[in-house]
Structures are given as structure tokens and as C-alpha cells.
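I set out to record what I looked up in this entry, topic by topic. Each note states what I sought and what I found.

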Amino acid sequence: MTYRTSRSRSPGGAAPTGPATLRRANLSLVLRELREHTSLSRAEIAQATGLHRATVSNLMAELLERRLVREVGVEHVGAIGRPRRAVALHGAHVGALGMEINVDYIAVHGTDLSGRSLVERRVVHDAMGSGPDSAVRRLGLVAKEAVEAMRRAGSVPTGIAVAVPGLVDVTRGVVTLAPNLHWRDLPLAEQLSSILGPRSVPVWVDNDANLAALAEYTSGVAAGTPHLVYLTGEVGVGGGIISGGELLRGADGFSGEVGHLRVDPNGDRCGCGRIGCWETKVGLAALVRAAMPEQAYGLPGMPVPDPGERVADIARGLASGDRRMTMAVAQVGEWLGLGGSILANLFNPRVIVIGGYFASLAQWLLPHAQEQLRRLVVAAPAAECRFVASTLGFGAASRGAASMVVNHIIDDPTTILDSLRRPAPY
Ligand SMILES: [Zn+2]
């Protein structure tokens with residue numbers, strides 16, 4: 001599979017020019033090719049990349065020296081047993097740390113260059129109640145602990161990416177607006193780097209649904225599907241779009257705000273202040289209001305419901321044939337299909353992966369959603385598109401964040417080679 005991040009440089013990195021640029025591009029090309037295959041011979045790499053054999057040998061020497069690739073011995077290919085010396089991606093010592101901060105938790109996922117999972121955990125944290133300063137400090141603390149754990153597992157983190165539920169200016173690492181965290185114009189990358197100290201590795205920030213879409217593309221239920229839409233159902237609804245193997249970001253990185261597609265001009269007021277947004281039809285609050293109105297969000301005197309508990313209650317009701325819940329989930333499923341059909345008409349995805357509570361209730365939602373998709377997608381008979389439930393669970397965004405760091409490493413291995421030479425940052 002191919003994936004390229006936007007060509008934003010590492011924070012603080014100088015743009016090399018001339019031969020250095022070419023070498024960086026060629027190293028990246030070779031690593032990308034190796035990432036897509038279990039192992040390749042030098043001749044195969046030369047053929048796949050169009051690079052000269054001598055150039056490939058030269059690049060390989062550097063990658064071997066840096067331990068980003070390893071020789072996988074002599075294999076015998078074909079009936080005559082022709083020997084083939086192959087190499088494979090290595091990089092067990094190169095770490096990528098992905099994090100997610102959300103309303104009530106911080107998640108971390110650390111991997112090595114090959115995507116092998118090293119650290120995975122979730123920490124309960126009330127980000128909304130604690131305020132941005134305290135939340136960023138806690139994020140820094142959790143990052144330091146994860147870095148330590150990765151070091152103990154033999155891997156040096158070379159970059160950190162943080163997933164945030166909101167609009168993110170990815171070039172500057174600034175959270176422009178995260179309504180559910182009550183954050184506005186927060187320079188998260190800069191603040192986190194400053195907490196991690198002067199020798200901090202590069203820090204990137206991105207939208208949580210974008211990164212979850214990337215996780216689905218690299219390691220989820222529809223991994224490798226180059227045209228894929230990811231939807232996450234929480235109280236809000238977010239989306240990430242992979243088109244032609246690349247994450248669509250738009251001019252400012254603000255694409256994917258699918259929860260605010262207006263689907264009903266006569267509908268309810270949305271948290272964003274507008275009327276009839278899709279998330280007022282399919283967000284968890286809408287489902288709870290229809291399925292168990294006595295537990296609805298926003299009732300005076302009621303505590304904010306625990307989303308996991310509400311979804312579990314509804315799943316139990318559905319399993320026992322509760323009529324009101326069955327009707328509510330059918331209605332949400334139809335709206336899910338209607339919104340999905342708008343996205344399918346726009347982006348022609350092969351798969352729409354649903355995460356969050358949508359995945360937990362998939363068996364009840366999907367028949368209704370799929371039927372709407374069949375009815376409303378213009379090219380439906382010719383262009384197969386199906387809903388599938390994510391299997392990545394709560395860790396999708398942090399897993400995607402780690403993938404993004406790996407993508408940055410592969411896009412620009414020279415930066416990483418530099419950071420590996422540095423002494424331990426913490
Ligand atoms: Zn809205």
C-alpha cells in the first residue's frame with residue numbers, strides 16, 4: 001500500500017538542497033517500497049523504483065548501517081533454486097509515539113518502524129474539566145512515561161503525534177478549535193515540546209478522525225483499501241477521508257467535518273449553533289434521546305451520562321428486543337446511510353468504516369444504513385460501497401498517530417537519522 005503525508009517538514013528542520021534533497025528522496029523511495037513488501041532483493045528495488053542498481057546498493061549500505069533495514073539471508077527462488085539476497089524493513093530501535101487526548105481520556109500507542117506495537121494504554125483524564133494548561137501538562141507526563149516504556153522495549157522514539165478532537169492547523173501544530181475540550185488557538189505542539197525539554201523530538205498534532213482513518217488504512221479491518229471513508233460516532237460525529245491512498249486535508253486541513261453536513265433544514269439545533277447537522281441525527285445524544293429519553297443528554301439536574309454505559313444499556317435493550325430502542329436504532333441507521341450516501345456520491349469510496357459507538361451497535365445499524373446507501377448512491381450498482389465496523393476500538397486515533405510518525409520517518413529518513421544520534425532526551 002502507498003501512503004504519503006503532506007510534505008510538511010519536521011519542526012525546526014532545515015530544508016536540505018541539491019544532492020542532499022535527492023538522497024533523502026531516494027532513501028524515502030526505497031523505504032516506502034520495502035514497507036509495501038515483506039522483503040525485496042536489491043534488483044527488485046531497482047526495478048520497482050527506477051533507480052540504478054549502483055544507487056540502490058549505495059542507499060542500502062546507508063540504511064543497513066543505520067539499521068533501518070536488515071538482510072534477511074539468502075532465499076532460493078524457483079525450481080532451479082536461484083539464490084536471492086533480500087532485505088526487509090527493520091527499525092526495531094526506531095520508535096514512533098502516537099497519542100490521543102479526548103474529553104475523558106489520554107491514549108498512547110508506541111510502535112517501532114515496522115508498526116510493531118510496543119506500548120498501548122489509556123489513562124483516565126478529565127480534559128474538559130481540567131483546562132488546557134493542566135491537560136497539556138498531563139499529556140507531557142504521559143508522553144514521558146511512554147517514552148521510558150519504549151526505551152525499555154529497546155526503541156527510541158523519534159517523533160510524537162497527538163490526535164485532538166477538533167480543527168487543527170497541522171502546519172503550525174495549533175489546535176484552532178476543539179469545542180468539546182473548550183480549547184481555542186492552543187499551540188499544542190509548541191507547548192508539549194517545551195514540556196518535553198530542549199532536546200524534544202518533533203511533535204505533530206492532527207485531527208483525531210483523520211488519524212483514525214489513517215489507522216484504518218494501515219492496520220484496520222479494511223487495511224490497504226485506497227478509497228476509504230472513516231466515520232466515528234460519539235456525541236459528535238467526525239470523519240476522515242482516504243482518497244487514492246492519501247488523507248484528504250483540504251486547503252487548511254479542516255476537511256472531514258462531516259458531522260456538520262446539513263441534512264435537515266427543519267431539524268434540531270446542533271452544538272455548533274447551526275440547524276439540522278448530521279450529528280443531530282446520528283450522534284450518540286440523538287440516539288439516547290430516542291432510545292431512552294429519560295437518560296438523554298442535557299436534561300436539567302442529570303449528570304452527564306457515561307457514553308460507554310449508555311451504549312451498553314442500548315445494546316442490552318436491542319438484544320432483548322426492546323421496541324422503542326429497535327425503532328430508534330433503525331432511524332439512526334437510516335440517517336447514517338443517508339449521510340454515508342452523500343459521502344459516497346462525493347468520494348466514491350469502496351468502504352465506509354464506522355468507529356466509536358457506531359461500531360458497538362453495528363449489527364443493528366448497518367442493515368438500515370446499507371439499504372439507504374443502495375438507494376441513494378447514484379452509481380450504486382456499478383460502484384460497490386459497503387459499511388464495515390471498525391475493530392480498532394478506542395485506540396484507533398493514537399494508533400493512527402503512531403502511523404503518521406512512521407510516515408514522517410519514511411518521508412524524510414534523514415531527520416530521523418539525526419535524532420537517533422542525539423543523547424537521550426529525557
Ligand atoms: Zn453542527
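**Entry 1: the metal site.** Before reading any spacing, I fixed the term: a donor is an N, O or S atom within 2.8 Å of the metal. I note also that I am working with a predicted model.

I then looked up which protein atoms serve as donors of the zinc ion. They are His260 (ND1), Cys270 (SG), Cys272 (SG) and Cys277 (SG), at 2.0 to 2.3 Å from the ion. Written along the sequence, the donor residues of the zinc ion follow the spacing H-x9-C-x1-C-x4-C. Histidine 260 and cysteine 277 stand 17 residues apart, and each is in the loop between β14 (246-247) and α8 (279-282).

For the geometry, I checked the angles among the 4 donor atoms and found 106 to 116°. Four donors count as tetrahedral if all angles lie between 85 and 135 degrees, and the zinc site is accordingly tetrahedral. For reference, the ideal angle for four tetrahedral donors is 109.5 degrees.

Are histidine 260 and cysteine 277 buried or exposed? I found histidine 260 partly exposed, with a relative accessible area of 29%. Cysteine 277 is buried, its relative accessible area being 1%.

**Entry 2: arginine 269.** I stayed in the loop between β14 and α8, where arginine 269 lies. Arginine 269 has 60% relative accessibility, so it counts as exposed. I also took its C-alpha separation from threonine 280, which is 7.4 Å for residues 11 apart along the chain.

**Entry 3: helix α7.** Helix α7 covers residues 208-219, 12 in number. From first C-alpha to last I read a reach of 16 Å, close to the 16 Å expected at 1.5 Å a residue. At its N-terminal end, asparagine 207 acts as a cap, with a side-chain oxygen 2.9 Å from the backbone nitrogen of alanine 209.

Why do I describe α7 as largely enclosed by the rest of the structure? The reason is that 11 of its 12 residues are buried. Among them are the polar or charged names Asp208, Asn210, Glu216 and Thr218. The buried set also includes Leu211, Leu214 and Tyr217.

**Entry 4: helix α11 and the residue after it.** α11 (323-347) precedes β15 (351-356), with a loop between them. The helix has 25 residues and reaches 36 Å between its end C-alpha atoms, close to the 36 Å expected at 1.5 Å a residue. Its N-terminal cap is aspartate 322, which places a side-chain oxygen 3.0 Å from the backbone nitrogen of arginine 324.

Asparagine 348 follows α11 and has a positive phi, near 50°. I recorded asparagine 348 as partly exposed, at a relative accessible area of 45%.

**Entry 5: a further positive phi.** Most residues other than glycine have a negative phi. I therefore noted histidine 182, which is not a glycine and has a positive phi of about 65°. Histidine 182 sits in the loop between β9 (174-178) and β10 (183-186). Its relative accessible area is 57%, so histidine 182 is exposed.

**Entry 6: aromatic rings.** How many aromatic pairs does the count give? I obtained 1 aromatic pair. The rings of tyrosine 357 and phenylalanine 358 have centres 4.9 Å apart and planes at 50°, so I entered the pair as tilted. Both tyrosine 357 and phenylalanine 358 are buried.

I then looked up a charge over a ring: arginine 122 lies over the face of tyrosine 105, 4.5 Å from the ring centre.

**Entry 7: separations in sequence and space.** Alanine 359 belongs to helix α12 (residues 357-360). At 22% relative accessibility, alanine 359 counts as partly exposed. Between alanine 359 and leucine 231 I read 9.7 Å, C-alpha to C-alpha, across 128 residues of sequence.

Isoleucine 241 is placed in strand β13 (residues 237-243). Its relative accessibility is 5%, so isoleucine 241 counts as buried. Its C-alpha is 8.4 Å from that of serine 255, and the two residues are 14 apart in sequence.

Methods:
Residues are numbered from 1 along each chain as its sequence is written. This is a predicted model: local features need pLDDT of at least 70, side-chain atom pairs count only at pLDDT 80 or more; totals for chains, interfaces and linings use all residues. Side-chain values use heavy atoms; hydrogens and water are left out. Donors are N, O and S atoms within 2.8 Å of the metal (3.2 Å for Na, K and Ca); water is not among the atoms, so sites may look incomplete. Four donors count as tetrahedral if all angles lie between 85 and 135 degrees; four count as square planar and six as octahedral if opposite donors are over 155 degrees apart and all others between 65 and 115; anything else is irregular. Helices (H or I, at least four residues) and strands (E, at least two) are DSSP runs, numbered from the N terminus. Buried means under 20% relative accessible area, exposed over 50%, partly exposed in between (1.4 Å probe, protein chains only). The expected span of a helix is 1.5 Å times one less than its number of residues. A polar contact is a pair of N or O atoms within 3.5 Å; within protein, one must be able to donate a hydrogen and the other to accept it, and residues adjacent in sequence count only if both atoms are side-chain atoms. Rings of Phe, Tyr and Trp (its six-membered ring) pair if their centres lie within 6.5 Å; planes under 30 degrees apart count as stacked, over 60 as edge-to-face and the rest as tilted. A charge sits over a ring if NZ of Lys or CZ of Arg is within 6 Å of the ring centre and within 35 degrees of the ring normal.
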